[in-house]
Amino acid sequence: MRFGIFYELQLPKPWQEDSDHRLIHEALEQVVFADEIGIDYAWEVEHHFLEEYSHGSAPEVFLSAAAARTSRIRLGHGIRQVIPNYNHPARTAECLGTLDLISNGRVDFGIGEGATRMELGGFGIQAKTKRQAALQAAREIANMMVMSPYPGFEGEFFSMPCRNVIPKPMQKPHPPMWMACTNRDTIRVAARNGLGALAFSFVDPEEARHWSEIYYDIIRSDECCPIGHSVNANIALVTSFSLHEDRIEAIRRGQEGFEFFNYAINALVAEDAVPGYSTLWQQFLAKRGNRGEQLIEQARTGDVTGFGHAPGIGTPSDFAKHLRGLRDAGVDQVIFMQQTGKNQHRHIIDSLDLFASKVMDEFSRETEEREARKAEALAPYIEAAMARKTPVKPMSEADVPIVRASRPRAETMRDREKAA
């Protein structure tokens with residue numbers, strides 16, 4: 001299995017003047033440490049205006065800083081908001097190409113669309129068309145990273161004339177592409193489009209097995225027609241994460257933050273919000289009550305079945321058992337949700353260190369062999385999927401429009417030759 005760490009850059013109130021500064025630099029320290037101990041991926045989200053829940057509004061900047069400080073860990077947009085209202089597709093392609101060069105080819109590109117009224121309304125995006133807009137933009141971003149020049153596009157959600165989008169990424173044809181998934185329906189969408197599934201839902205191994213079966217059945221079927229120039233057949237699943245040799249201490253350190261993550265995303269979708277005056281943490285604590293004490297008391301008395309703490313929180317032995325279930329369910333990568341709520345920086349580092357020393361080796365030593373077998377088995381299906389893709393016809397030099405310096409009228413090199 002592969003392993004990743006994930007950042008919303010959560011910052012519950014009350015805030016101090018240096019809170020954002022400390023948050024970002026501690027997260028970068030965690031990425032550096034993860035790189036040193038052999039974690040495979042660092043994923044950074046993109047959200048806008050979501051106070052307390054996510055201060056990760058500029059992932060391309062955060063990941064660039066991480067690239068400069070690390071040498072091997074892959075750097076993932078998990079996800080980048082690709083709808084043109086958020087980020088023009090050409091700007092996304094430029095940022096991806098630049099980051100891939102800075103990182104020496106370590107970028108992964110997850111696409112997303114946003115779900116909250118705070119974000120969608122802030123950028124004037126219609127909820128009913130956001131999926132179509134995201135997939136259309138993602139397809140054209142892939143084309144921009146591959147084609148020289150990009151021939152241009154006229155579409156429902158954005159249009160652009162012929163231009164050569166530079167720089168091109170180091171990875172060919174382009175960085176692996178993923179899609180944010182939260183249920184079985186979006187798992188199907190990712191598979192049909194040849195995208196890796198970034199599963200941002202906390203499911204048990206039984207449900208993970210269903211997701212894996214749905215996903216890989218489609219990858220192997222004639223439904224799969226990639227929107228990119230490659231197929232990234234992978235499922236990555238997010239899990240809670242807090243480790244300590246003492247289960248009670250692991251719960252004390254990590255459970256509250258994990259519960260805040262779940263509370264906050266639901267509240268941002270379902271409840272009213274007042275920009276600049278968020279009270280998410282305050283509301284969360286009021287609704288949580290003494291649940292934390294109850295969980296710890298149940299753990300203290302030895303009742304470790306069904307008492308409510310997240311399965312990724314506990315001892316190294318607990319976590320290894322959790323990972324075996326996900327591995328056997330067909331999950332390719334497990335991503336740790338470790339920076340949530342008010343989880344402390346030193347506790348996150350301690351958990352990662354404990355994972356590396358007590359758990360990781362059992363799962364990492366088989367990774368390359370497992371991936372090789374999988375690649376061999378899927379090769380004919382991926383080849384067939386790529387054959388179903390309708391390629392965009394490249395433009396010959398003679399047909400590329402000349403961008404006139406003094407007149408708006410378009411003219412091609414072929415037209416100029418005829419006139420001469």
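**The largest cavity, the cysteines and the salt bridges**

The residues that line the largest cavity comprise 2 nonpolar, 7 polar and 1 charged. The model in which this cavity is found is a predicted one. In the structure there is 1 cavity of 30 Å³ or more, and the largest cavity holds about 60 Å³ of space.

Which residues form the lining of this largest cavity? They are F241, S242, R253, G254, Q338, N343, Q344, H347, I348 and S351. Two helices, α8 (residues 247-270) and α12 (residues 345-358), each contribute at least two residues to the lining. Of the elements involved, α12 gives the most, with 3 residues.

R253 leads from the cavity to the salt bridges, for R253 is among the lining residues and its side chain also meets that of D350 in a salt bridge, with 3.6 Å from N to O. Because R253 belongs to helix α8 and D350 to helix α12, this pair ties together parts of the chain that are 97 residues apart in sequence. The helices joined in this way are α8 and α12, both of which supply at least two residues of the cavity lining. The two partners differ in their accessibility class: R253 counts as buried, at 17% relative accessibility, whereas D350 is partly exposed, with a relative accessible area of 39%.

Salt bridges elsewhere in the model may be considered next. Salt bridges with shared partners join R2, D40, R72 and E371 into one network. A search of the whole structure finds 30 salt bridges. In general, side chains of opposite charge can pair when their charged atoms come close.

Helix α8 also holds a salt bridge within itself. E249 pairs with R252, and their closest N and O atoms are 2.6 Å apart. What separates E249 and R252 along helix α8? The two are 3 residues apart in the helix, and therefore about one helical turn lies between them. E249 counts as buried, at 17% relative accessibility, while R252, at 44%, counts as partly exposed.

A further salt bridge links R131 to E113, the closest N and O atoms being 2.9 Å apart. R131 is located in helix α5 (residues 130-146) and E113 in the loop between β4 (107-112) and α4 (117-122), so the pair ties together parts 18 residues apart in sequence. Here R131 is partly exposed, with a relative accessible area of 27%, and E113 is buried, with a relative accessible area of 12%.

The cysteines remain to be described. A disulfide is a covalent bond between the sulfur atoms of two cysteines. How many disulfides does the structure hold? The number is 0. C181 is accordingly in no disulfide, and the nearest cysteine sulfur, which belongs to C224, is 13 Å away. For a disulfide, the two sulfur atoms would have to be within 2.5 Å. C181 is buried, with a relative accessible area of 0%. C162 is likewise buried, with a relative accessible area of 10%.

Note on methods: Residues are numbered from 1 along each chain as its sequence is written. This is a predicted model: local features need pLDDT of at least 70, side-chain atom pairs count only at pLDDT 80 or more; totals for chains, interfaces and linings use all residues. Side-chain values use heavy atoms; hydrogens and water are left out. On a 1 Å grid over the protein atoms alone, a cavity is a set of points where a 1.4 Å probe fits but cannot get out, and a pocket is an open set with protein on both sides within 12 Å along at least five of seven lines; lining residues have an atom within 4 Å of a point. Grid points are joined across faces, edges and corners, and a volume is the space filled by probe spheres set on the points. Helices (H or I, at least four residues) and strands (E, at least two) are DSSP runs, numbered from the N terminus. Ala, Val, Leu, Ile, Met, Phe, Trp, Tyr, Cys and Pro count as nonpolar, Asp, Glu, Lys and Arg as charged, and the others, Gly among them, as polar. Buried means under 20% relative accessible area, exposed over 50%, partly exposed in between (1.4 Å probe, protein chains only). A salt bridge is a side-chain nitrogen of Lys or Arg within 4 Å of a carboxyl oxygen of Asp or Glu.
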